[in-house]
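Hello,

Here is the structure I promised to pass on to you. My notes on it follow below, with the cut-offs included for your own scripts.

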Amino acid sequence: MLAVRSTFTGIVDALTLTLSLTLSEFSMRSFLKQTSLWRFLRGIKRGMLPPAGKVISAEHRIGKLEWLNPPAAVEARQTIEVQLRVLNDSPIAWLGTAAAPLTVRCQWLTRHGKPFDQDPTSLGISSPLFPAEPQEFRLSLPTPDVVGDFILQVDIVQEGQSWFQDKAVRTPLTVIGSRATDIDYHSVYRQANLQENHWWVVGAYHSKEEYDRSMQQRLDMLKDHGLTPDSWLLDIGCGTGQMAQVFRQFASSKGGYSGCDIGREAIDFCKKEFPIPNFHFTQSEMTRVPFETNSTHDMAIFFSVFTHTFTDETALLLSEAKRLLKPTGVIIADVITSDLVERGAGHRGEMTVNRHHFERLAAMLGYDSSVIGKWPWNRHSERIMYILRPHSCASC
Ligand SMILES: C[S@@+](CC[C@H](N)C(=O)[O-])C[C@H]1O[C@@H](n2cnc3c(N)ncnc32)[C@H](O)[C@@H]1O
């Protein structure tokens, strides 16, 4: 009986295929599919299929899943519409039961292929999937709540068993920061009244006292790592001059400070606030620091700057720091790091890097990186303060 059925369905498939190939044009095939003859033959074919049983056995889980509209990247904490096509290539119809429903399941995996800690999204398949009759499904999928380089895995699941496993659809997808949290420093500075709010424009300080405390703590940290009153300090992304303010009380007449920032208003503010000999301010470009006196600084600082630059920009800014530092000069910089990220992911509002990638960049420029501070950031990332010392520099 099984042999008769499969011969018959084979003949019907061949007949319909021949018909459609003869007509050849896609539009003609679509037209044909609307006809009573087509539907009649399809009805007979469906009726002749062997019963599926309660759970589809492994030998009949032959088919193909396709993600029809994959984006190039998605924003964190959004819902995207996923359009899928499922093709049953087995000789039986796929149909779940109330006790063992069939579902299409989307699961976010980390870049290492491990399940990400976010519940999978499933869609029940409520009508039979007949052989050689692809069906499309749409489902709303929440994106991960953190940035990273993820993989979206789509599979068919019945009774907790993934059908395709290694052959499931696995699409690498970068999750970037949500647009709502992005920022543009130029417009931030344009809109700010820096005389009044220079201290909160630049960071997440809750009060002026907290800002003042932070500047003192930062100075102490720099002193612990070699800053002296005679040092020349390079402050890239100096903002409204928090470190200029504290360094002016500490610096001797031999010391000096060079501050730069992409924000023109911030630089104009600093020039007015700190008209001090040996203190220089200039507006910089995204990857260029327009001080021309090479090899003159003892220490370069990037405070909350690489948390807003893309990794290739970070690399170029580190090169600029190296150019302006003495051969013994050190760099102190903080970054947000996460292993979910291959190199870097995020946006200007908040950029996250892979710490090994950051350390590799430093090593390529000839620096050894050491962690001098570390704080939890979100459940998958931490904030790290680094010191980068030139390789084989005994005195720094
Ligand atoms: C969060 S604020 C920190 C300011 C200052 N470093 C502080 O800690 O008070 C980041 C600053 O980096 C600046 N910035 C962002 N990208 C930059 C770049 N590529 N080069 C120079 N400055 C940049 C912004 O304009 C902004 O002033």
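The count of aromatic pairs comes to 16, where rings of Phe, Tyr and Trp (its six-membered ring) pair if their centres lie within 6.5 Å, and planes under 30 degrees apart count as stacked, over 60 as edge-to-face and the rest as tilted. One of them joins Phe-116 and Phe-150 in an edge-to-face arrangement, 4.9 Å centre to centre with 75° between the planes. This pair links distant parts of the chain, 34 residues apart: Phe-116 belongs to the loop between β4 (102–109) and β5 (121–124), and Phe-150 to strand β7 (residues 148–158). Helices (H or I, at least four residues) and strands (E, at least two) are DSSP runs, numbered from the N terminus.

Are these two rings buried or exposed? Phe-116 is buried at a relative accessible area of 3%, and Phe-150 is buried at 2%. Buried means under 20% relative accessible area, exposed over 50%, partly exposed in between (1.4 Å probe, protein chains only).

A word on the source: this is a predicted model, in which local features need pLDDT of at least 70 and side-chain atom pairs count only at pLDDT 80 or more, while totals for chains, interfaces and linings use all residues. Residues are numbered from 1 along each chain as its sequence is written, and side-chain values use heavy atoms, with hydrogens and water left out.

Back to the rings: Phe-247, Phe-250, Tyr-257, Phe-274, Phe-279 and Phe-281 form one aromatic cluster.

Next, the sheet. Three strands form an open antiparallel sheet in the order β1-β3-β6; two strands pair if DSSP finds at least two bridges between them. At the edges stand β1 (63–67) and β6 (135–142), each with a single partner strand, so one side of each has no neighbour in the sheet. Strand β3 (residues 79–88) pairs with β6 over eight bridges in the antiparallel sense, and Arg-85 stands opposite Glu-136 in β6.

You will probably turn to the ligand first. Which residues are closest to the ligand? Among the 19 residues that surround the ligand (a heavy atom within 4 Å), the closest are Tyr-189, Arg-218, Gly-237, Asp-261 and Met-286. Polar contacts here are pairs of N or O atoms within 3.5 Å; within protein, one must be able to donate a hydrogen and the other to accept it, and residues adjacent in sequence count only if both atoms are side-chain atoms. Polar side-chain atoms of Arg-218 and Asp-261 lie 2.7 Å and 2.6 Å, respectively, from an oxygen atom of the ligand. For Met-286, a backbone N or O atom lies 2.7 Å from a nitrogen atom of the ligand.

Best wishes
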